[in-house]
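Trainee: Got a minute to go through this one with me?
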Amino acid sequence: MSTLGAVLAGGRSSRFGSDKAEALLEGQSLLDHAIRALAPHVDTVVVAGRAMPGRPMIADWPASDLGPMGGIAGALRYAESQGFNQLLCISVDCVRLPEDLRTLLEPGPAYLASQPVIGLWPVSLRAEIEAQLTTSDDRSVRRFGNRVGARAVACDFVPPNVNSVADLDRLTDL
């Protein structure tokens, strides 16, 4: 199956206090780290939620500021238009991933139990996520996954989750 990889990189994070994607770790942006972490697991990597030179602009759907669900919906639309069968997505602060991530999550739909934003979604679920975003205020990736029968996959490796500058500083110490 052809798999599109998407880094969900929306705008300013209220918990982080600034644009998390541009925060630096070891001299590189979190966005650059996330792209490198995702690349070995997919055929193509795109960034959802922002323009990036050299990559197609994947807008959140149906609007920005819907959190990860808007990014996943936009990326699923793009994946479908480009002929991909599935989408593997991560958040912009996933700078390290399990080496066997795709094997863990296949077959989709599935997500990491510790971080539901890290998920493998068949493109056939596009209409389901769009229905949830247009008929409900519920933007929980975990609840969406449960609604469509996705597996919550346990994993010994827990990817870093950067919600504050202190979290970012702890990554530097690893």
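Mentor: Sure, here is a quick chat about the whole chain and two of its residues. It's a predicted model, where local features need pLDDT of at least 70, side-chain atom pairs count only at pLDDT 80 or more, and totals for chains, interfaces and linings use all residues. Residues are numbered from 1 along each chain as its sequence is written, and side-chain values use heavy atoms, with hydrogens and water left out.

Trainee: How many helices and strands in the protein?
Mentor: 6 helices and 9 strands, taken as DSSP runs numbered from the N terminus (helices H or I, at least four residues; strands E, at least two).

Trainee: And what share of the residues is buried?
Mentor: Of the 174 residues, 52% count as buried; that means under 20% relative accessible area, with exposed over 50% and partly exposed in between (1.4 Å probe, protein chains only).

Trainee: Switching to Gly5, where does it lie?
Mentor: In strand S1, residues 3-8. Gly5 counts as buried because its relative accessibility is 0%.

Trainee: What is Gly5 in contact with, leaving aside neighbours within four places in sequence?
Mentor: Leu38, Val42, Thr44, Val45, Val46, Leu87 and Leu88, where contact means heavy atoms within 4.5 Å.

Trainee: OK, Ser140: where is that found?
Mentor: In the loop between helix H4 (126-135) and helix H5 (141-147).

Trainee: Is Ser140 buried or exposed?
Mentor: Buried, with a relative accessible area of 18%. Not counting residues up to four places away in sequence, Ser140 touches Met69 and Gln132. A polar atom of the Ser140 side chain also lies 3.4 Å from the backbone nitrogen of Arg142.

Terms used: A polar contact is a pair of N or O atoms within 3.5 Å; within protein, one must be able to donate a hydrogen and the other to accept it, and residues adjacent in sequence count only if both atoms are side-chain atoms.
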